[in-house]
Amino acid sequence: MRKNEIYEVLCLNVTNQGYGVVRIDGQVVFVPGLLKEEKARIKIVKVLKKYAFGKIEELQIVSKDRVEPKCPKASQCGGCCFQHLAYTKQLDIKTEYVRQLFIRNHLDCTIKDTLGMQDPFYYRNKAQFPIQVINDTVYMGFYRPHSNSIVDCDSCVIQSKEINEVYQFIKANMNVKSAKTLRHVLIRSNVQGQVQIVFIGKENHVDALVKKITESFKNVVSILFNKNDREDNVILGDSYRVLYGLESMHQTCMSQKIQLHFKSFFQVNSKQMEVLYLQAIHLANLSKEDRVIDLYSGVGTIGCVIAPYVKKVTGVEIVPEAVENAKKNAQLNQLSNIDFVCEDASIFVQKYKEETDVVFVDPPRKGLSEAGICHITGLHPKRVVYISCNPNTLVRDVKLFEETGYHCKVVQPVDMFCHTNGLECVCLLEK
Ligand SMILES: C[S@@+](CC[C@H](N)C(=O)[O-])C[C@H]1O[C@@H](n2cnc3c(N)ncnc32)[C@H](O)[C@@H]1O
């Protein structure tokens with residue numbers, strides 16, 4: 001097989017990344033956007049040792065599950081790889097992906113169907129728009145897949161309406177001088193419709209724009225400049241200046257008030273966050289006698305939600321601003337049985353000696369370390385509830401838990417990231 005060759009193919013399956021899978025002379029070829037049972041004329045664009053990539057030239061037989069993407073840029077932007085597929089089928093692909101992962105790893109547990117959204121659009125409460133200036137023209141939008149070039153977008157159908165409105169205003173009023181010193185604009189919204197904006201870059205030339213924004217939008221409650229002159233891909237720098245309002249905004253989770261610093265983590269889908277945490281609480285089967293550890297606690301969202309049902313919660317988080325928020329959130333919600341520690345979670349569990357009934361873990365994508373798992377199981381909790389945004393590291397870690405005598409009973413996938421390849425899972429591990 002060679003680059004630029006044309007083939008007529010039948011799509012056998014779709015991966016969790018939205019790539020159609022075809023076989024040509026026994027070799028696997030991945031074709032972005034092609035759906036199961038579709039026939040197409042494809043062009044080979046890249047040939048590697050074990051597989052190749054193709055692109056659709058002409059669709060000859062179209063799947064009944066194909067839908068018109070709501071976003072005109074869906075096929076160019078790297079954000080949504082499934083907008084062309086009926087939403088219920090997206091959920092099936094996500095469930096099947098998790099099921100196959102567990103089967104391949106010889107893990108015998110119940111994988112439930114993915115819980116999706118009634119309305120899977122305009123759900124995100126956080127967007128990071130990259131900015132570039134090319135030939136004195138400002139480009140803002142999202143990165144193309146596997147690239148640093150920007151697909152210029154005027155709106156995004158998975159971001160909240162408030163984020164879209166403020167983004168469009170910023171884009172329309174951004175001049176070349178300001179844009180040249182910026183890398184990203186981060187915009188967050190909450191369920192009350194309030195908005196926080198963080199301009200990220202080398203120098204602050206946005207004061208005039210900030211004035212225009214605050215004159216035009218009463219719901220913008222916080223604007224910051226975050227200095228980032230790093231050469232790598234890390235979006236936020238260390239130092240910042242508040243340009244308007246405060247450095248935190250408020251969110252809510254299951255009627256708990258959550259103060260959120262712009263550097264702190266918060267689930268990007270507020271509705272599905274509640275679905276996920278309800279599942280986690282259900283699996284944890286909490287009682288008033290339970291002493292709970294909430295590892296990777298962020299701004300204390302899970303801790304604050306479960307505190308009324310248990311004896312005591314200890315949250316552990318590494319980002320100092322998030323821990324500050326978490327302590328404030330305990331006060332805001334009048335919770336006296338919860339405290340927060342600013343420490344690396346695996347170091348904390350290594351030293352911790354107190355009786356523990358339930359451990360919640362909600363780590364970043366890379367999951368837990370082997371030593372961390374060993375120290376968690378060394379506390380002999382009755383139940384571990386593992387929330388994960390990466391099914392691959394979840395499976396790896398579940399295998400390690402199983403080696404120590406904990407058994408994974410059930411995994412519940414929740415679609416937090418509709419139309420994209422992201423997926424959140426919550427699972428219960430018990431002795
Ligand atoms: C997926 S978020 C979960 C946050 C929180 N449970 C929630 O629901 O909002 C992961 C959190 O782990 C924190 N984190 C990352 N590495 C850590 C470590 N080594 N020890 C403790 N916390 C860590 C991050 O700052 C982030 O707040």
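The following exchange concerns a predicted model of one chain with a ligand.

Colleague: How many helices and strands are there in the chain?
Modeller: The model is predicted. The count covers the chain's helices and its strands. The chain contains 10 helices and 23 strands.

Colleague: What radius of gyration does the chain have, and why does it agree with a compact globule?
Modeller: The C-alpha atoms fill a box of roughly 65 × 60 × 40 Å along the principal axes. For 431 residues, a compact globule would have a radius of gyration near 22 Å, so the chain agrees with this at 23 Å.

Colleague: Is α2 parallel or oblique to α4?
Modeller: Two packed helices are described by the angle between their axes and the distance between the axes. Helix α2 (residues 161-173) and helix α4 (residues 207-216) have axes 11 Å apart and pack at an angle of about 140°. Angles over 145 degrees would count as roughly antiparallel. The angle therefore makes α2 oblique to α4.

Colleague: Which residues in α4 do Phe169, Ile170 and Asn173 in α2 meet?
Modeller: α2 passes α4 in a right-handed crossing. By class, their contact has four nonpolar, two polar and one charged residues. On the α4 side, the residues met are Leu209, Lys212, Ile213 and Ser216.

Colleague: Which of the 18 residues around the ligand come nearest?
Modeller: The shell around the ligand has 11 nonpolar, four polar and three charged residues. The elements giving two or more residues to this shell are α6 (301-306) and β18 (312-317). The residues that come nearest to the ligand are Phe265, Tyr296, Gly298, Ile318 and Asp362.

Methods:
Residues numbered from 1 in each chain as written. Predicted model: local features only at pLDDT ≥ 70, side-chain atom pairs only at ≥ 80, totals over all residues. Axes fitted to C-alpha atoms, helices over the stretch in contact; angles between N-to-C directions. Helix = DSSP H or I, 4+ residues; strand = E, 2+ residues; numbered from the N terminus. Parallel < 35°, antiparallel > 145°, perpendicular 65-115°, else oblique. Left-handed = near helix turned anticlockwise from the far one by under 90°. Contact = placed C-beta atoms within 7 Å. Nonpolar A, V, L, I, M, F, W, Y, C, P; charged D, E, K, R; others polar. Near = placed C-beta within 6 Å. Rg over C-alpha atoms; globule rule 2.2 N^0.38 Å.
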